[in-house]
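Reader: I would like to go through this model one point at a time. Please reason each answer through and finish on the value or name I ask for.

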Amino acid sequence: SEIVGILYGPTYAASARYLRVLAVTNFMWTLISVGFWLSVSLAHRAINFRFSMIQAAALVVLATPLTIWYGSTGTLIGVVAAMSVALVLYSQYTLRTVSLSFNQTFLRAGLSAGVTVTILAILNWQLSMLETSPLVKLLLILITTGLSFGIATLVFDRTMLFEQLSYLRRL
């Protein structure tokens, strides 16, 4: 909450607990986007429309009662549930559409993301006990997160990491 307070002001410091959950949905979107952009590149508009409608329905059906019963926590649960629905739909679509295995398509990136989220959670817990400037904490989080994802990607999928670095050099 200190870092949120520095970045957005003290008014938004209370939102820090919600941002943690939304950060997880960002990792989910990384995996969902594989199928989303595959369907875009193949001009499978009906797939995108159908999946978007199913995800929206899941959000309304789940998040509405959960919000009524549990407030903002219920909303977060509903959002994560709707994202999980999208993750399953787009993952199945991707695996049916391309001739790559689950391992090649999702597992390595998912493992790298999982390692990064775990390290980030541990770091966040450790930093909560450290008495230092929130700006220093933010820098530690940024550096550690980038390094942990890079190292995990190197371990789980060396080829992908080198392709990404090659792409960055060309920019």
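Reader: Among contacts in the protein chain between residues at least 6 apart in sequence, what percentage join residues at least 24 apart?

Author: The model is a predicted one. Contacts here are heavy atoms within 4.5 Å. Of those in the protein chain between residues at least 6 apart, the share that joins residues at least 24 apart is 63%.

Reader: Which elements make up the protein chain, and in what order do they run?

Author: The protein chain has zero strands and seven helices. Read from the N terminus, the order is therefore helix after helix, given that helices and strands are DSSP runs numbered from that end. Written out, the order is α-α-α-α-α-α-α.

Reader: What percentage of the residues in the protein chain is buried?

Author: The C-alpha trace spans about 50 × 45 × 25 Å along its principal axes. The accessible surface comes to about 10900 Å², and carbon and sulfur atoms hold 71% of that surface. A residue counts as buried under 20% relative accessible area. Of the 171 residues in the protein chain, the buried part is 26%.

Reader: Which helix gives the most residues to the largest nonpolar core?

Author: In soluble globular proteins, nonpolar side chains tend to be buried together. The largest nonpolar core here has 10 residues, including Met28, Ile47, Phe51, Met83 and Tyr90. The elements that give two or more residues to this core are α2 (16-41), α3 (45-70) and α4. With five residues, the one that gives the most is α4.

Reader: Met83 belongs to that core. Which residues is Met83 in contact with, leaving aside neighbours within four places in sequence?

Author: Two members of the core, Met28 and Ile32, are on the contact list of Met83. The rest of the list adds Thr25, Trp29 and Gln55. In full, Met83 is in contact with Thr25, Met28, Trp29, Ile32 and Gln55.

Reader: Turning to the surface, which helix gives the most to the nonpolar patch?

Author: A nonpolar surface patch of about 1100 Å² includes Leu95, Phe102, Leu135, Ile143 and Phe156. The elements that give two or more residues to the patch are α5 (102-129) and α6 (134-156). With eight residues, the helix that gives the most is α6.

Reader: Is Leu95, a member of the patch, buried, partly exposed or exposed?

Author: Leu95 is found in helix α4, residues 72-97. Its relative accessibility is 32%. Partly exposed covers the range between under 20% and over 50%, so Leu95 counts as partly exposed.

Reader: Which backbone atom does the side chain of Ser112 reach at 3.4 Å?

Author: Ser112 has its place in helix α5 and is buried, because its relative accessible area is 0%. Not counting residues up to four places away in sequence, Ser112 touches Phe149, Ala152, Thr153 and Phe156. A polar contact needs N or O atoms within 3.5 Å. At 3.4 Å, the side chain of Ser112 reaches the backbone nitrogen of Thr153.

Reader: Which residues does Ala113 touch, not counting those up to four places away in sequence?

Author: Ala113 is found in helix α5 and counts as buried, because its relative accessibility is 12%. Its C-alpha atom is separated by 24 Å from that of Pro134, 21 residues apart along the chain. The residues that Ala113 touches are Phe27 and Phe149.

Reader: How far apart in space are Arg158 and Arg108, C-alpha to C-alpha?

Author: Arg158 has its place in helix α7, residues 158-170. Arg158 counts as partly exposed because its relative accessibility is 49%. Arg158 and Arg108 are 50 residues apart in sequence. In space, their C-alpha atoms are apart by 9.9 Å.

Reader: How far apart in space are Leu165 and Val80, C-alpha to C-alpha?

Author: Leu165 also lies in helix α7, and at 35% relative accessibility Leu165 counts as partly exposed. Leu165 and Val80 are 85 residues apart in sequence. Their C-alpha separation in space is 31 Å.

Reader: What is the phi of Ala43?

Author: Most residues other than glycine have a negative phi. Ala43 has its place in the loop between α2 and α3 and counts as partly exposed, at 41% relative accessibility. Its phi is positive, near 55°.

Note on methods:
Residues numbered from 1 in each chain as written. Predicted model: local features only at pLDDT ≥ 70, side-chain atom pairs only at ≥ 80, totals over all residues. Heavy atoms only, no water. Patch = residues over 30% accessible without salt bridge, like charges linked within 9 Å, V, L, I, M, F, W, Y side chains within 5 Å. Areas by Shrake-Rupley, 256 points an atom, 1.4 Å probe, with all protein chains shown as cover. Salt bridge = Lys/Arg side-chain N within 4 Å of Asp/Glu carboxyl O. Helix = DSSP H or I, 4+ residues; strand = E, 2+ residues; numbered from the N terminus. Buried < 20%, exposed > 50% of the residue type's maximum accessible area, 1.4 Å probe, protein only. Polar contact = N/O pair within 3.5 Å; in protein donor to acceptor, adjacent residues only side chain to side chain. Core = buried A, V, L, I, M, F, W, Y, C linked by side-chain atoms within 4.5 Å.
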